[in-house]
Amino acid sequence: MTDQPAGNSPFTFGIKRLVLVDSAGFCYVEIPVDKHALILGPGNLGKSSLLNSLRLFLLPENNFRKSRVKFAFRNASAGSFYSNEESYQHYFPSQFSFLIMEVENVAGTHCQILYRENSSQLSYGRAFVPVAYDQLRPLFWHCDDEDGIGRAVPELSVRRVSEALKKLSRDTVFTSDPGKLKSMLYNSELMNADAVRYSVLPLGEQDERRVQSLRTLILLLFEMKADDRAMANAVASIIEADKKFADDAFDFNIDQFLARHEELKQQQVQLNRIEKERPRFDKLNRDYQQYQTLLHRQHDFAAFRDGLTEALQTAGAQRSVAVAAWHDQNETLKHVAQGLKQLQQQADGLQGEIRAAERNLKRAEQTQREGELLVSGYGDMTLAEIGDILQEELADRKGYLAALQNAAQAELRQARIHQQIADIQRKLGLLSERESRQKWQLQNQLDEAVSAPLRAVDSRLMMASPGQPLDENSKAAITAFARLFSANEAGFDWFDVEYPTQAARQEDFAEQRRRLQGEVNGLEKELTELSTAGEQAQNRPQLITRTEKEIKGLEKDIETLQSFPAANSALRNATADRDAAQEQLAAIEEQARVEHEKMTAVQEKAARTKADKDQTEEREKALIALTRSLATVEHRFPHLKSATAETPLPAEQVTTAAFESLQAHLDELETLRHRNLDHLRQFVYLGVLEDREGALQVDNPDSGAIRDAYKQLADLFAGMSEQWALLEEQVAVHNETVASYRQALKANHEHITRFEARLNRELDGVRINDLVEIRVDIHTDPRFRNLVEEAINIDPYGKQLQSDAFYDRLRVFVADFFGEQGDTKRLTMDKVITGISYRTRKDGATGLDKKGQSTSTTALINLELVYRLLKEALYPGIRLSFPMVLDELASVDISQVPALLQRLQSQGFKLFSAATHSASAEVIYLVGRHLEVGQMRTAHPYSTQRSLVFWGGAEGFTGGEPLAHWADQSQHSLLETVDE
């Protein structure tokens, strides 16, 4: 990157045009950025979004995850950053969203196209095609509408655009891979047209450090009024990238460094602690050897234990046989007793069945008597007819009771009684008429062969009277119907339904008349009783009680009538059940007598087997007593449980005397055992011996645990000389690390100083407004400088650890520098460099002034510094034609705008700024070109939420230049003269 005019450099890289399709609040916007331009429009229109969209093209990203770090899209009014989703939906709100940047470089013109990817959330893809945007415009916008504004391309899609790009050029590239994007965007092989075809910012070196520093500078280009912290971060990034080797990066992991020192120090303390306990180990060694000589007594104990176990097993087997025989007899006795018990239970059950049958017999007899008495009171009526009468009476009595208890019900019942009396009077009249026509009843006019089957169906069929002799046709029809029934032993069959035979009977008209007259008398009596006047009101409680009794009587009669048909069957069944149970009871009583005789014999045999069992159990108890004594010893000395012997002691030698002798030797062995354990546990307490599983801390560790612990100590003390030698080597290696860190601190401190001097040499001769001299001061944390001085004063070479004082000072530095941060304490360049400040001298002044400048002047200085830093990152000798974003140009002092534009032009930057319509005309004139992006709206947008359109080129002042030279060549036709 050089300061020569753009036309004098053969290696020019420039951004010419920016296009947004259905993005950032616009339907379609096409902005030329190859010359100074000012975007004008009302507030909150999306002007800043146009400026900031350049970041998406210049950075090698493929998604909006962690967008604050990647793009730093800021909500200036809210003083905060936009979220990932907000940023993504702003630039890629729909499937029609595309962003295009036209670029010209040494290989020619190409377009970079960004589009929304549906395969992954928050992601976007890129396409690179080596053609000018004029060839691509029909893919995204139709300009041929009658209003001259343009309209959306209805078939726009990623697939159609991809197909069209492939047809335009076989060099079209689609990629979302960040690694490939870096190699394409930042390629600097200027003599290789294929390699540099899609390069925008050629880097001097394409390593990760250079890319990261370029990222920082790109974000600074969009924040030219950034504070000194942002500038400090940029300088730190450039300094790191400026180092010759990636391994020289400043990344001092103080936590790891201090941890290694503490580890070596603890090793040294541990070795000293072990050496101090050598006399104790010597005493343990003597006691352990004596302990080993007595350990054979454990084998004698094991032989005695095994012999006792065998003797006990033999006695146990004999006892088992005797007990089994006794159990067999007891089981037989139990079985016989169980059989007797079951027979008794069966006898008890049969006696219960007999009693139950007799109770059923009595109930059936009672039911039969009561039923016969009830039916006898209804003459020749069938049971069904009697049941209907009882149900009617029950319903009537319940209604009467309700009327007695409720005045409203009484009124309703009185009305119904009057109606019922009228109905009965009518029935009496009909009864007289039927009596006069009795001689023409069907049963008197038809043969018995015809009457019998119809009477079986319903006796009332034959009591019906037509009032005159039947004509031949009627008689023939009835006769034909009766012939459809077939006679059987019990009655007649109507196909598969049987009807029993019913005897012919004559109607008792006098009885019916008497009954109906009785009903009338009863109803009239009820009317009297339901009256609420005089004596009837006083008798109401007695009437209610009487009626309730009548209801209960009727309910009992109905129950008796329902049980009456089954009374004869119940009598027969109860008698049969009683007789059968009595026969079974006699047989069981005989069987019980035989079982009693068998039980007496079994009881005698069981007594003999019990005597044999008791004798063997006494033998076993004697051996068990000796086993308990053995268990007491094992409880005192649990380690004996694991002792073994080749052969068990013979049963005859398993005596109490032998056991007592053995116990005395074991007491002596246990004394030595406890003494050794005391030594070993003390070593564990002192931290010399490891007992991670706690094997020595249990009440009675086994001999294997003692043996292993002793061997571990013996090996430890035998290898002490080797441990000291190893520690000495590790200390020497750590001291070499101290030396390397000491050198790194010093080297990075010097590197910062050299870089500051180089920047100031670059600023020699630079004049901004009335400033004739500018100097940059890179500020480092004073605590870092103190750390560097302390590190220089130590001697890191030797076989001994550095003094604790040095590490204590380092810990104090960590606590003071990092505070209570929970992350790893890593000392890096961005933490060391705390800020950037400027010293300036005005024309005529004798010294440099540290006083701060105005915001606009600071922005110009920042621009100059970013320009110098950018030169450090880019390939030498190239020339940029690059839009420099300066949002809200109106905030810059108007007197400094001409100098700003001239300096930007000389450095290859094209002002790309935004302002509202409140911007002064002078500012608009000085910039020369402006773009009114909020004036046109299309009637045919991609989305109704976004209808703003701008694509007609810039407006402005030619300044005397030819119109064709000033205007956007692609829009030159719009400036032709039109006859009106």
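So, is Cys 111 buried or exposed? Cys 111 is buried, and its relative accessible area comes out at 0%. Keep in mind that what we have here is a predicted model. While we're on cysteines, take Cys 143 as well: that residue counts as partly exposed, because its relative accessibility is 28%. And if you go looking for disulfides, a search of the whole structure turns up zero.

Okay, the overall picture. We've got one chain of 980 residues, and 42% of them are buried. The chain has 33 helices and 24 strands. On contacts, take the pairs at least 6 apart in sequence: 75% of those join residues at least 24 apart.

Let me move on to the helices, starting with 23 and 24. Helix 23 covers residues 567-636, and its axis comes within 11 Å of the axis of helix 24, with a crossing angle of roughly 5°. At that angle, helix 23 is roughly parallel to helix 24, because anything under 35 degrees counts that way. Who touches whom? On the helix 23 side you have Ser 629, Leu 630, Val 633 and Arg 636, and they meet Phe 659, Gln 663, Leu 666, Asp 667 and Glu 670 of helix 24. Sort the residues of that contact by type and you get four nonpolar, two polar and three charged.

Now follow helix 24, residues 656-685, over to helix 25, residues 703-718. Their axes also come within 11 Å, but here they cross at roughly 50°. So helix 24 ends up oblique to helix 25. The crossing between helix 24 and helix 25 is left-handed. From helix 24, the residues involved are Arg 673, Leu 677, Leu 680 and Phe 683. They meet Ser 703, Ile 706, Ala 709, Tyr 710, Leu 713 and Phe 717 of helix 25. By type, this contact between helix 24 and helix 25 has eight nonpolar residues, one polar and one charged.

Next, back towards the start of the chain, where I picked out two residues. Ser 123 sits in the loop that links strand 7, 108-116, to strand 8, 124-129. Ser 123 is a loop residue, and it counts as buried because its relative accessibility is 4%. What does Ser 123 contact, leaving aside neighbours within four places in sequence? The list is Asn 62, Asn 63, Tyr 88, Arg 116 and Glu 117.

Arg 116 turns up again with the other residue, Val 158. Val 158 belongs to helix 6, residues 158-168. Not counting residues up to four places away in sequence, Val 158 touches Phe 98, Tyr 115 and Arg 116. And Glu 117, from the Ser 123 list, is 41 residues from Val 158 along the chain, with 8.8 Å between their C-alpha atoms. With 26% relative accessibility, Val 158 counts as partly exposed.

Last thing, a bit of backbone geometry. Lys 66 isn't a glycine, yet its phi is positive, near 55°. Lys 66 lies in the loop between helix 2, 54-58, and helix 3, 67-70. On the other side of helix 3, in the loop leading to strand 4, 74-75, there's Ala 72. Ala 72 isn't a glycine either, and its phi is also positive, near 55°. Where they part ways is burial: Lys 66 counts as exposed at 65% relative accessibility, whereas Ala 72 is buried at 17%.

That's my tour; shout if you want to look at any of it again.

Conventions. Residues are numbered from 1 along each chain as its sequence is written. This is a predicted model: local features need pLDDT of at least 70, side-chain atom pairs count only at pLDDT 80 or more; totals for chains, interfaces and linings use all residues. Side-chain values use heavy atoms; hydrogens and water are left out. Axes are lines fitted to C-alpha atoms, for helices over the stretch in contact, and angles run from 0 to 180 degrees between N-to-C directions. Helices (H or I, at least four residues) and strands (E, at least two) are DSSP runs, numbered from the N terminus. Angles under 35 degrees count as roughly parallel, over 145 as roughly antiparallel, 65 to 115 as roughly perpendicular and the rest as oblique. A crossing is left-handed if the near helix is turned anticlockwise from the far one by less than a right angle, and right-handed if clockwise. Contact means heavy atoms within 4.5 Å. Ala, Val, Leu, Ile, Met, Phe, Trp, Tyr, Cys and Pro count as nonpolar, Asp, Glu, Lys and Arg as charged, and the others, Gly among them, as polar. A disulfide is a pair of cysteine sulfur atoms within 2.5 Å. Buried means under 20% relative accessible area, exposed over 50%, partly exposed in between (1.4 Å probe, protein chains only).
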